[in-house]
Amino acid sequence: MIAVGFGDDVWRMSGLKHVHVKNLVFRGATGSPMLHVYGCEQIILDHLTVYGGFPGLLLNASKDIRMTHSAFRGLAAPWTSRAHMKYRGTASYQIVLQDNQPVNENIEFAWCEFTDDHDCAFLRFAKGLQFHHNFVDNFNDDGLECGPKLRDHTLFIYQNRIGACLGTFQQHEMNKDESPLDHDAKTGVFIYRNVIDSRKGVYYHVPSEPDPSGDFLHHEGALVGDHGGPIWPVMHVYHNTILRRGPVFRDYFLFGLGAQGLNHTEREVYNNIFVQWDKVPGTGFAGIKEAGQLREAGNILWGVKDGPTQTQAAFSKFRSSPMFVSSQKRYEPGWTTHDRVVDPGLTRVPNKASDVVDATLRTTSAAIDSGYGIPAEWPDSLRAWEREKPDVGALPLEVQPWGVGVDERIPLFGEAP
């Protein structure tokens, strides 16, 4: 199916139930939704290929929708920067969930590929959304939009390979004062067992003068951020392996998860591996005067080049700071107390930041049996592999890397398919 130019929905499913759509290719639709699923139930969209769309899929007031083994290719050509799309072209999303009644419920995106666009997915308006075993890469603005805070939304983002995005997890303020101060304690955004690798970077700025090196094509973005200063969603971030070339803005603690967006919300960050090639991940809190509602423990921080010369001393300055004292009001042991600066013992960590990493654990890894006990009610697709104490990072010892994307064709650590 081919669409040309701007216009109405290319393909609209309205009020349908028990429909299985498979093995179709859609192309075009730069100014309109390619697929619009409205007021539907029990729909399976399988092995679809979508080129373009604004967005590629618009999901609205629907329930029990599964998108599996499908590929979304966006509007970003190799010569297209964020500025081209944001200010001179089409700043498109690939997936948008709209806020209509009844609310979207029981939505699944699994073994899909989302690549080459401005923004990836606006996931906020859903209860029981599962986003897993997907490949997300090359978004010159936002990756996964999870916020702002709602009282009772539940998003489960797990076992994905998430590559280069300008902002991997983003939040937008949609309407003033829209976020409640309280929330259902069982809800929020659960982010676990992902490999998040931002090292490749994206084409962000157009250079002001010729740059034969091509470095401008590889601007490394942020792990978390927002637009408009919204209240961030409640986030539970655990058992991920997160890779960067260089420090985040202001060297914020835990790549930003330990410092940013903590006003009027809560966050838990447990058992993640943070690896960075240039310097060692820091404990920056520039511009932040009071500790937010953060609980964190069991994290491993490591610098490939500088880590061997910095061990637990990397936390010593922070632990004598007013922010550490402030953090003890939120989490009694104090932030960093149960974290370590130590080589996590990944199977392959090359000296060159652009080379492929094998993030499985060696048998001598410091990550083995060293994690914090995760609440039993939190989902964990690999809990059965854990022993008395959990291993830190996305893959427990002896777990083989899984494939992501269509028919699991893309290796988890990013080798060529």
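1. A word on terms before anything else: "buried" here means under 20% relative accessible area, "exposed" means over 50%, and "partly exposed" is in between (1.4 Å probe, protein chains only). By that yardstick H47 is partly exposed, with a relative accessible area of 23%. H47 sits in the loop between β5 and β6, and its phi is positive, about 50°, although it is not a glycine. Helices (H or I, at least four residues) and strands (E, at least two) are DSSP runs, numbered from the N terminus.

2. Keep in mind that this is a predicted model: local features need pLDDT of at least 70, side-chain atom pairs count only at pLDDT 80 or more, and totals for chains, interfaces and linings use all residues. Residues are numbered from 1 along each chain as its sequence is written, and side-chain values use heavy atoms, with hydrogens and water left out.

3. Now the overall build. The chain's secondary structure comes to three helices and 32 strands. Its C-alpha trace spans about 60 × 50 × 45 Å along the principal axes. The radius of gyration (taken over C-alpha atoms; the globule rule is 2.2 Å times the number of residues to the power 0.38) is 21 Å, which agrees with the value near 22 Å for a compact globule of 417 residues. Buried residues make up 57% of the 417. Take contacts (heavy atoms within 4.5 Å) between residues at least 6 apart in sequence: 70% of them join residues at least 24 apart.

4. The sheet is worth tracing on screen. Ten strands form an open sheet with parallel pairing, in the order β2-β5-β8-β11-β14-β16-β19-β22-β24-β26. β2 (17–22) and β26 (294–297) stand at the edges with a single partner strand each, so one side of each has no neighbour in the sheet. From one strand to the next the twist averages 5°; axes are lines fitted to C-alpha atoms, for helices over the stretch in contact, and angles run from 0 to 180 degrees between N-to-C directions.

5. Some pairings in detail, where two strands pair if DSSP finds at least two bridges between them. β8 (63–68) and β11 (105–110) are parallel over five bridges, and T68 has A110 as its bridge partner in β11. β11 also pairs with β14 (127–132), again in the parallel sense over five bridges; there F109 is matched with F131. Five bridges then join β14 to β16, which run parallel, and the partner of F131 in β16 is I157.

6. What fills the inside? A nonpolar core is a set of buried Ala, Val, Leu, Ile, Met, Phe, Trp, Tyr and Cys residues joined through side-chain atoms within 4.5 Å. The largest one has 105 residues, and those with the most contacts inside it are F109, F114, L144 and F169. Strand β15 (residues 135–147) gives the most to this core, with five residues. A second, separate core of five residues includes L58, V96, F122 and F125.

7. F114 and Q94 make a nice pair to look at. Leaving aside neighbours within four places in sequence, F114 is in contact with several residues, including F72, Q94, F109, F131 and F139. Q94 lies in the loop between α1 (82–88) and β10 (95–97) and is buried at 2% relative accessible area. The side chain of Q94 reaches the backbone oxygen of T115 at 2.8 Å, a polar contact (a pair of N or O atoms within 3.5 Å; within protein, one must be able to donate a hydrogen and the other to accept it, and residues adjacent in sequence count only if both atoms are side-chain atoms).

8. R161 deserves a look too. R161 is in strand β17 (161–162) and is buried, with a relative accessible area of 10%. A polar atom of the R161 side chain lies 3.1 Å from the backbone oxygen of L412, and the backbone oxygen of F413 lies 3.4 Å from a polar atom of that side chain. Beyond four places in sequence, the contacts of R161 include N134, D197, V404 and G414.

9. Last, the backbone oddities. Most residues other than glycine have a negative phi, and most peptide bonds are trans. The bond from F54 to P55 is cis, with omega near 5°, and P55 lies in the loop between β6 (49–52) and β7 (57–60). The bond from G147 to P148 is also cis, with omega near 5°; P148 is in the loop between β15 and β16 (154–158). Q42, in strand β5 (41–46), has a positive phi near 55° and is partly exposed at 38% relative accessibility.
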